[in-house]
Amino acid sequence: MMAETGGVIPTIDLEEVISDKILNQKIREASERWGCFRVMNHGVSLSLMSEMKKTIMDLFERPHEVKVRNTDVLLGIGYRAPYDINPYYETFGLYDM
């Protein structure tokens, strides 16, 4: 299913979720329709989120030679560099950290 091009990314408020079944349904619907969602009231501190964002930015700013050392421990899970068709897509699999 293709993602919509307009609208608002779904938000899942964990304070409003009354059961795992409902939570799973909300996650599935948002993932199928949009491919992503926001989570509110998750209990993760702002300082931890900020530290994690800094760590991720540091990881992606590493030289290409360092990035490609992250090989596929699981097939297709290692480093993937941006490419012509999708120049903004870059990923890491962190299974072998």
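The dialogue below asks how labels given to parts of this predicted model follow from computed values.

Student: What makes E32 and R28 a salt bridge?

Tutor: The closest N and O atoms of E32 and R28 are 2.8 Å apart, and the rule asks for a side-chain nitrogen of Lys or Arg within 4 Å of a carboxyl oxygen of Asp or Glu, so the pair of E32 and R28 counts as a salt bridge. Both residues belong to helix α1, which covers residues 20-33, and they sit 4 residues apart, about one turn of the helix.

Student: Why is R28 called exposed, and why is E32 called partly exposed?

Tutor: R28 has a relative accessible area of 55%, and exposed means over 50%, so R28 is exposed. E32 has a value of 42%, which falls between the limits of 20% and 50%, and therefore E32 is partly exposed.

Student: How do you know that the span of α1 agrees with what a helix should have?

Tutor: At 1.5 Å a residue, the 14 residues of α1 should span 20 Å, and the C-alpha atoms at its ends are 20 Å apart, so the two values agree. Just after α1 comes G35, which takes a positive phi of about 85°.

Student: How many salt bridges does the rule give, and what makes D58 and R62 one of them?

Tutor: The count comes to 3 salt bridges. For D58 and R62 the closest N and O atoms are 2.7 Å apart, and the cut-off is 4 Å, so this pair qualifies. D58, at 37% relative accessibility, is partly exposed, and R62, at 40%, is partly exposed.

Student: Where in the chain do E90 and K67 lie, and why is K67 called buried?

Tutor: The side chains of E90 and K67 meet in a salt bridge at 2.7 Å, N to O. This pair links distant parts of the chain, with E90 in the segment after α3 and K67 in helix α3, 23 residues apart. K67 has 8% relative accessibility, and buried means under 20%, so K67 is buried, whereas E90, at 22%, counts as partly exposed.

Student: Why is the pair of F60 and F92 called edge-to-face?

Tutor: A search of the whole structure finds 2 aromatic pairs. In the pair of F60 and F92 the ring centres are 4.7 Å apart and the planes stand at 70°; since centres must lie within 6.5 Å and planes over 60 degrees apart count as edge-to-face, the pair is therefore edge-to-face. It links distant parts of the chain, F60 being in helix α2 and F92 in the segment after α3, 32 residues apart.

Student: Is F92 buried or exposed, and why is its pair with Y79 called tilted?

Tutor: At 18% relative accessibility F92 is under the 20% limit, so F92 counts as buried. The rings of Y79 and F92 have centres 5.0 Å apart and planes at 45°, an angle neither under 30 degrees nor over 60, so the pair is tilted. Y79 is buried as well, and F60, Y79 and F92 form one aromatic cluster.

Student: Which residues form the nonpolar patch on the surface, and how do you know that L46 is exposed?

Tutor: V44, L46, L48 and M49 form the patch, with about 370 Å² of accessible area together. L46, in helix α2, has 68% relative accessibility, and that is over 50%, so L46 counts as exposed.

How values were computed. Residues are numbered from 1 along each chain as its sequence is written. This is a predicted model: local features need pLDDT of at least 70, side-chain atom pairs count only at pLDDT 80 or more; totals for chains, interfaces and linings use all residues. Side-chain values use heavy atoms; hydrogens and water are left out. Helices (H or I, at least four residues) and strands (E, at least two) are DSSP runs, numbered from the N terminus. Buried means under 20% relative accessible area, exposed over 50%, partly exposed in between (1.4 Å probe, protein chains only). Patches are made of residues with over 30% relative accessible area and no salt bridge: like charges are joined within 9 Å, nonpolar side chains (Val, Leu, Ile, Met, Phe, Trp, Tyr) within 5 Å. Accessible areas come from the Shrake-Rupley method with a 1.4 Å probe; for residues, only the protein chains shown count as cover. The expected span of a helix is 1.5 Å times one less than its number of residues. Rings of Phe, Tyr and Trp (its six-membered ring) pair if their centres lie within 6.5 Å; planes under 30 degrees apart count as stacked, over 60 as edge-to-face and the rest as tilted.
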